[in-house]
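Colleague: I am new to this structure and would like a close look at one part of it. Could you walk me through the second largest pocket, and tell me what lines it and which elements the lining comes from?

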Amino acid sequence: MATSDLALPSRPQSEFSLAAVARIYGGFLRVGFVNTMAYRLRYYTGIVTYFIYVSIYYFIWKAIYSHSASIEGFDFSQLLTYVAVGWIIRSFYYNNIDQEMATQVLEGKLAMDLIKPVNTQWMYIAQALGESAFRLTMLTVPTAIVLLLVFPVRKPAGVENFVAFVFSVFLSFFLVAGVNFAVGTFAIRLKSILGLLRAKYFLLELFSGLLIPISFFPHIFQQIFAFMPFQYISYIPVLLYLGKISGIGILKALGMQIFWVAALVAIGHALWSLSSKQITIQGG
């Protein structure tokens with residue numbers, strides 16, 4: 001089966017304008033937003049779920065900090081803010097690109113993606129961005145309001161840090177999307193990647209610093225994580241929020257995030273190019 005190129009097919013030069021590309025992928029973004037509306041109840045219950053997560057962490061860390069005023073540079077107030085803000089932004093950047101690709105393979109529907117004259121990778125990312133836009137309004141903002149009202153969450157360290165934090169969270173979405181698309185390509189070869197998805201789910205939350213700040217890990221692991229993209233998903237954005245990264249460090253952190261976004265997109269592109277040549281259709 002011939003696969004679609006990752007670039008748009010040959011067309012008149014006028015059609016390659018930025019506006020034309022924006023219209024094409026904006027359509028997929030709207031599809032992702034509208035499709036997610038069918039699962040509104042999931043996001044209402046999600047607010048409760050995220051509140052429970054943060055509450056559990058609150059009592060755990062409160063017990064730990066009863067024996068120490070500061071741990072690895074975090075006092076209890078900072079760590080509570082770290083946990084709350086980490087779960088708030090997770091409600092935005094989370095997406096299911098890999099699960100969607102796996103489902104398309106199992107149901108034999110991936111062929112429809114191949115015949116669309118668009119970049120398959122960016123089609124999935126655009127749809128996921130539409131889903132995240134919906135999550136922002138129906139899950140992220142309500143969750144933030146509830147947590148801010150119940151727990152003594154700190155305000156951003158400053159305007160500069162807050163602006164950097166918002167931009168960093170936006171980049172976090174693309175980091176997660178890049179990882180998920182790369183993982184999703186394995187469904188073409190393996191057919192079922194349920195075990196891989198479960199492992200990725202846990203490891204991503206651990207390595208990103210969502211479950212525990214990376215500075216709490218042994219030094220050797222911190223050095224290893226420094227050469228990986230995962231800390232830029234959650235750990236670095238929250239440090240920006242808390243003001244633990246400032247000045248030129250902000251530019252360096254955002255620069256590294258942009259680098260890893262480009263690297264993960266390139267890796268996903270390469271994996272798709274290799275895997276799409278070996279597609280077999282099943283189901284239907």
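Modeller: Here is a short tour, starting with the chain and ending at the pocket. Please keep in mind that this is a predicted model. The chain holds 12 helices and two strands. Reading from the N terminus, two helices come before the two strands, and the rest of the elements are helices. Of the 284 residues, 49% are buried. If you count contacts between residues at least 6 apart in sequence, 80% of them join residues at least 24 apart.

A word on confidence before we go further. The average pLDDT of the chain is 85, and 83% of the residues reach at least 70. Over residues 1-15, though, the pLDDT is below 50, and this stretch has 29 contacts in the model beyond near neighbours in sequence. Among the elements, helix H1 (residues 18-37) has the lowest mean pLDDT, at 66, while helix H11 (residues 235-242) has the highest, at 97.

Now to the pocket you asked about. The second largest pocket has a volume of about 370 Å³. Its lining is made of 17 residues, and those nearest the centre are Ile-88, Ile-89, Thr-140, Phe-165 and Val-166. Three elements each give two or more residues to this lining: helix H3 (76-93), helix H6 (120-150) and helix H7 (159-184). As for character, 16 of the lining residues are nonpolar, one is polar and none is charged.

Notes: Residues are numbered from 1 along each chain as its sequence is written. This is a predicted model: local features need pLDDT of at least 70, side-chain atom pairs count only at pLDDT 80 or more; totals for chains, interfaces and linings use all residues. Side-chain values use heavy atoms; hydrogens and water are left out. Helices (H or I, at least four residues) and strands (E, at least two) are DSSP runs, numbered from the N terminus. Buried means under 20% relative accessible area, exposed over 50%, partly exposed in between (1.4 Å probe, protein chains only). Contact means heavy atoms within 4.5 Å. pLDDT is the predictor's confidence in each residue, from 0 to 100. On a 1 Å grid over the protein atoms alone, a cavity is a set of points where a 1.4 Å probe fits but cannot get out, and a pocket is an open set with protein on both sides within 12 Å along at least five of seven lines; lining residues have an atom within 4 Å of a point. Grid points are joined across faces, edges and corners, and a volume is the space filled by probe spheres set on the points. Ala, Val, Leu, Ile, Met, Phe, Trp, Tyr, Cys and Pro count as nonpolar, Asp, Glu, Lys and Arg as charged, and the others, Gly among them, as polar.
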